[in-house]
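Grab a pencil and work through these short exercises. Try each task yourself before you read its solution.

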Amino acid sequence: INHSCDPNCATQKWNVLGETRIGIFANKDIPMGTELSFDYQLDCLGNTVKRKCYCGAANCSGFIGEKPNAVKDKEKDKKSAEPRKRKRAAKKLSMEVEMHDDDCFVCKDGGDLIMCDEKGCTRSYHLECLGLPKSPNGKWSCPVHHCDKCGGKSTIHCRECPTSYCSVDHFAVHDPSADHTVTDRTMLCSDHTAAAGRESAPEESAAAAGAAGAQ
C-alpha cells in the first residue's frame, strides 16, 4: 500500500494473543477501484535524507513524514505576509507622492514652512502666521481641522485663512459680522468678508459712474 498525505486508510496497532499486529482500516468511504493508501509518518533522524513524496494530494508536504498541515500553514503564512508587504509599500509610496503647498495658506508667501500631517491636507504655514514659537513635535494638524470656538473637529472653514468651525451655529455665534453663507463646506470669515467688500467697492463705483455718463 502506497503512502499519501491525504490517505483513505489509517493504521492501528493491535495486540493479538500476545503478539503485536498492525491493522489497516478505512478512514472514509472508498469507491470501488480506488487505490488504498495511508500516511507512512516516517521520522528522519540525524543526516538522513528526506524522501520526496509524489502522492499528488492537494495538501502534499513534498516529503514523506513531514506533516501536511504544518507545511500548508507555512505556505498560508507566507502568502498572507505578501499582501501586507505590498500594502506597506503602497502606503509608503502614497506618502512620498503627497505634495504640500509651496506658499503659506495665510499670507500666500513662500519660505520656511511647516506642513499639516492630516491625510489629504496640503496646507503649509509660516510659524509666525500661526503665532507659534517653534515647530510642533510629532504628527501635527493645522488649525483648519479644529473649531475656533470649541476645539472640536471642524466641518467648515474659511477659504482664505485657517478660521474654522464645527457647525454653522458656532460660526454664527463666534463670528456674527461675517457672511454666513456656506458653499462646499467653505465660507468667508468676517475679516475676509470685509476685504471682499472693499475690493468690490471700486468696481461698483466705476460701473455706476459709467452708467451715469451714458445717461
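**Exercise 1.** Is Leu17 buried or exposed?

*Solution.* Some ground rules come before the steps. You're looking at a predicted model, where local features need pLDDT of at least 70 and side-chain atom pairs count only at pLDDT 80 or more, while totals for chains, interfaces and linings use all residues. Residues are numbered from 1 along each chain as its sequence is written, and side-chain values use heavy atoms, with hydrogens and water left out.

Step 1: get the cut-offs straight: buried is under 20% relative accessible area, exposed is over 50%, and partly exposed is in between (1.4 Å probe, protein chains only).
Step 2: Leu17 has a relative accessible area of 85%, so Leu17 is exposed.
Step 3: find its place, which is the loop between β2 and β3 (19–26). Strands here are DSSP runs of E with at least two residues, helices are runs of H or I with at least four, and both are numbered from the N terminus.
Step 4: check the backbone too: phi of Leu17 is near 55°, a positive value in a residue other than glycine.

**Exercise 2.** Which residues form a nonpolar patch on the surface with Leu17?

*Solution.* Step 1: a patch takes residues with over 30% relative accessible area and no salt bridge (a side-chain nitrogen of Lys or Arg within 4 Å of a carboxyl oxygen of Asp or Glu). Like charges are joined within 9 Å, and nonpolar side chains (Val, Leu, Ile, Met, Phe, Trp, Tyr) within 5 Å.
Step 2: Leu17's partners are Trp14, Val16 and Phe25, and together the four have about 450 Å² of accessible area (Shrake-Rupley method, 1.4 Å probe; for residues, only the protein chains shown count as cover).
Step 3: look at Trp14, which sits in strand β2 (residues 9–16). Its relative accessible area is 46%, so Trp14 is partly exposed.

**Exercise 3.** How many disulfides does the structure hold?

*Solution.* Step 1: a disulfide needs a pair of cysteine sulfur atoms within 2.5 Å.
Step 2: try Cys116, which is buried at a relative accessible area of 1%. Its closest cysteine sulfur is in Cys121, 3.6 Å away, which is too far for a bond.
Step 3: try Cys161, also a buried residue, with a relative accessible area of 9%. The closest cysteine sulfur to that of Cys161 belongs to Cys189, at 3.7 Å, again too far for a bond.
Step 4: write down the total: 0 disulfides.
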